[in-house]
Amino acid sequence: MIGPRIVPRKGNLTFKQAILTLIIALLISTLAGSVELISHAANMRQEVQLRTTQQLAIVNGAAAEAAFQLNPDLAHQIASGLFNDEVAKVVIRDDFGRSLAEFTTDQETNSTWLSQRLFSNVLHHQTDLEYYMGSDLPDAVVGDIELTLAEGYLTQQFLERIYSVVGISILEAFILSVVVVTFFHRFITRPLLKVHAAIIDTDPTQPGKWPKPHLRGHQNDELGHLVDSLDHLLNAFQQGLEQRDQLHHLSNMDGLTGVANRRQFDEFYKQRWHIAQQTRQPLSVIFIDIDNFKEFNDHYGHAMGDETLRAVAKILNQCIEPSRDLLARYGGEEFVCVLPGRDLDEAINIANCLREAVLSLAIPHAYSSTHSDLTVSMGVASMAADQLISADTLIKRADQHLYQAKHLGRNQVATHKRPA
């Protein structure tokens, strides 16, 4: 007996094949999309970190200048330039940890497992501000700059990429995307990556010597013009760095007298005081003030006063050893001399030499209430190797002795009388 004939359902295999093909296509698309998203996440992290590092490197010189000068206005401008949607917080501090400029977003931080997974270790950046002190001295750390990226903003950018990838069709994933990516990689991405790699390899201290890439076939298009513009910009930046170095040298000198200014004195004195503490060496300070200089300026004129200040500074500088000592203009008609490694007796001898050197100039001062020629009063203080005192105390003692010398009739060298 023959059973009933089984009639196959039309289109059943075609339907399965279509479903299987669709599933395979979806799986491939999902895998490809997942790989792309993972790759994009890694690239985005690298780009964020690299971009942030480059931004900090670019502004390091200017921020170090602001920290060195204790200039909150300049620090505010630099921090403001860094602050954007991607940045949640920017802080520029000096070497004492004091904030010169700070910008913080007022938006709430929405931390999620995804944002923590992707960006937790690239959100916070902190780098020292190194100030160029000259070819013979190491760079000085004058502060730091701290930058915190906006976690929510980075996550939003990443999610936008996810939506874009999900929205791509299977056909675009297998055909259009491959064609477009291949085309752009060959003609745009790869040349841009060469430019990007050249920028990364550029020494921030010598941007004018960057490895300028040669892009074959792009000499006369936008990419070629971009490279030429970058070359021009980096060379201009190099000139700016060289000018900055020259200005730094000038910034340590008093423009009127040619001796060290107050800034250089502060740095020199701080360094030598620390060395004296560590090595148990003596350190002496002499405060020098021109007697009755206001009356001199009032009667002889400020032009003559300036000439006199230059003459006094020159003669005073000849009485010390520039290789170890420092003479600086402390302000107005007041000078200060730092004598590392010299005890009180040596400092007193040098002070008397300085006083007599000024007298040897024989500059008439007819309007002085004490002497017919220009004179100076001095206060000497010394830190003995076995009696260390604070840096501020040593300065205050020298200043007090200076006032004592003036009280005793000027043209004096006053100091603390040690017991016999």
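Me: Why is Met304 called partly exposed?
Reply: Buried means under 20% relative accessible area, exposed over 50%, and partly exposed in between, with a 1.4 Å probe and protein chains only. Met304 has 37% relative accessibility, so Met304 counts as partly exposed. By the way, this is a predicted model: local features need pLDDT of at least 70, side-chain atom pairs count only at pLDDT 80 or more, and totals for chains, interfaces and linings use all residues. Residues are numbered from 1 along each chain as its sequence is written, and side-chain values use heavy atoms, leaving out hydrogens and water.

Me: What makes Glu146 and Arg93 a salt bridge?
Reply: The rule asks for a side-chain nitrogen of Lys or Arg within 4 Å of a carboxyl oxygen of Asp or Glu. For Glu146 and Arg93, the closest N and O atoms are 2.5 Å apart, so the pair fits the rule.

Me: How do you know whether Glu146 is buried or exposed?
Reply: Glu146 has 11% relative accessibility, so Glu146 counts as buried. Its partner Arg93 has a relative accessible area of 19%, so Arg93 is buried as well.

Me: And what makes Lys406 and Asp291 a salt bridge?
Reply: Their closest N and O atoms are 3.2 Å apart, so this pair passes that rule too. Lys406 counts as buried because its relative accessibility is 18%, and Asp291 counts as buried because its value is 0%.

Me: Why is Glu307 called partly exposed?
Reply: Glu307 has a relative accessible area of 46%, so Glu307 is partly exposed. Glu307 forms a salt bridge with Arg310, the closest N and O atoms being 2.6 Å apart.
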